[in-house]
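Biologist: I have a model open and would like to learn how to read it. Could you take me through it feature by feature?

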Amino acid sequence: MSTILMSTILDVAAVSKSYGPLAVLKDVSLDVHRGEIFAIIGPNGAGKTTLFKVMTGESLCDGGRVRFDGADVTREPSHRRVRRGMGRTFQVARVFRDFTVRDNIVVAIEARRRNGGERVGPALSMAPAAEVVGEADELIRDIGLDHVRHSQASLLSHGDKKRLEFLIALALRPSILMLDEPTAGMSPSDRIGIAKLIQRIRDERGITVVMTEHDMDIVFSLASRIMVLNYGEVVATGSVADIRADQAVREVYLGKEMYGA
Ligand SMILES: Nc1ncnc2c1ncn2[C@@H]1O[C@H](COP(=O)(O)OP(=O)(O)OP(=O)(O)O)[C@@H](O)[C@H]1O
């Protein structure tokens, strides 16, 4: 019997996962509300990336269940979840390196339209439809990549590559965006730029965001709610204020730089 509330878009129930003898996720449950920015934090090795992969379908869990947008997707591979509206970026940006920014977006839009059953022309190597190019250029402008529209992806700065990856994900028109350490390896100014972009994506497009992140300034400034993992277990879930005040969370981060101490 489902107890999912109207507002829940992603629901993880009692998930467990082991690598050999190592139990990496133990009875992990969470529910993500539509339109929120939900952050998953925890020390190195806590299981954040593993949980992330279980949610996106890159890994399957040993026990428990994952529901997305009302459907049980526990055993579904990631490409099926993408079709259901689960967009994602990767810690290491995945783009077509030899393509221009615009061509990367065109390919993504065409893929979405093909998956949606639309007729979009015979092949990617043929000239794309004007409306596809128009949509690509609008997205590029909106995300602030106009200055590199015709640049080859491999030549972009790290921050712009990340923006391009966001664009590719957005071209698929997701209802949720899964971001695993979106600011990893970035300069402080690029981090702020990406944080602003995430905020805009949520505010202006209404896209739900789930993210793992080590930068606590970013987490505390963006998250609607935060879940703390430690040794594969949920320590606490709550608002920024709840998490900052939580004694068990403080103990997890004792001696570490969660509070900028
Ligand atoms: N494919 C794998 N095979 C074996 N062990 C793994 C595998 N992937 C992860 N682990 C182990 O599972 C544990 C959790 O790893 P995970 O990457 O999920 O943690 P994390 O919280 O994302 O860490 P970090 O913050 O360092 O990225 C770690 O002990 C890790 O060594």
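Modeller: We will go through sheets, domains, the ligand shell and one buried residue. Keep in mind that this is a predicted model.

Biologist: Let's start with sheets. How do strands of a sheet pair?

Modeller: Strands pair through backbone hydrogen bonds, either parallel or antiparallel. Here, one open sheet has four strands in the order β2-β1-β4-β5. Their pairing is antiparallel.

Biologist: Which strands stand at the edges of that sheet?

Modeller: β2 (22-33) and β5 (71-72) do. Each has a single partner strand, so one side of each is left without a neighbour in the sheet.

Biologist: How many bridges link β1 and β4?

Modeller: Five bridges, in the antiparallel sense, pair β1 (residues 8-19) with β4 (residues 63-68). To find the register, take Val 12: its bridge partner in β4 is Val 66.

Biologist: What does a parallel case look like? Which strands join β8?

Modeller: Look at β3 (residues 37-41), which runs parallel to β8 and is joined to it by four bridges. β7 (residues 176-180) also runs parallel to β8, with five bridges. Val 209 of β8 is a useful marker. Ile 37 has Val 209 as its bridge partner, and Leu 177 stands opposite Val 209 too. From β7 the chain crosses through α6 to β8, and this β-α-β crossover is right-handed.

Biologist: Is β8 mostly covered or exposed?

Modeller: Mostly covered. In β8 (residues 208-212), five of its five residues are buried. Check both faces. Thr 208, Val 210 and Thr 212 lie on one side, Val 209 and Met 211 on the other, and all are buried.

Biologist: Now the domains. Where does the chain divide?

Modeller: Domain 1 takes two stretches, 1-85 + 174-261, and domain 2 takes 97-173. Their centres, taken over C-alpha atoms, are separated by 27 Å.

Biologist: How do I describe the size of an interface?

Modeller: It is often given as the accessible area lost when the parts come together. Here we have residue contacts instead. Eleven residues of domain 1 are in contact with ten residues of domain 2. On the domain 1 side, α2 (78-83) and α6 (188-205) each give two or more residues. α6 has the largest share, four residues. By class, that side has seven nonpolar, two polar and two charged residues.

Biologist: And the ligand? Which residues surround it?

Modeller: List the shell, then sort it by element and class. Tyr 19, Leu 22 and Val 24 are among the residues around the ligand. So is a run of neighbours in the list: Gly 45, Ala 46, Gly 47, Lys 48, Thr 49 and Thr 50. Gly 42 and Asn 44 are also included. β2 and α1 (48-56) each supply at least two shell residues, and α1 gives the largest share, three. The classes are four nonpolar, six polar and one charged.

Biologist: Last, a single residue. Is Val 73 buried or exposed?

Modeller: Count its neighbours. Val 73 has 21 other C-beta atoms within 10 Å. The cut-off for buried is 20 or more, so Val 73 is buried. Its place is in the loop between β5 and α2.

Biologist: What is Val 73 in contact with, beyond its neighbours in sequence?

Modeller: Leave aside those within four places in sequence. The contacts are then Gly 57, Val 66, Arg 67, Phe 68 and Arg 81. You met Val 66 earlier, as the bridge partner of Val 12. For a contrast, take Arg 141: it is 68 residues from Val 73 in sequence and 34 Å away in space, C-alpha to C-alpha.

Notes:
Residues numbered from 1 in each chain as written. Predicted model: local features only at pLDDT ≥ 70, side-chain atom pairs only at ≥ 80, totals over all residues. Pairing = 2+ DSSP bridges. Domains from an automatic or database assignment. Contact = placed C-beta atoms within 7 Å. Nonpolar A, V, L, I, M, F, W, Y, C, P; charged D, E, K, R; others polar. Near = placed C-beta within 6 Å. Buried ≥ 20, exposed ≤ 12 C-beta atoms within 10 Å, placed from the backbone. Right-handed = clockwise from strand over helix to strand, strands pointing away.
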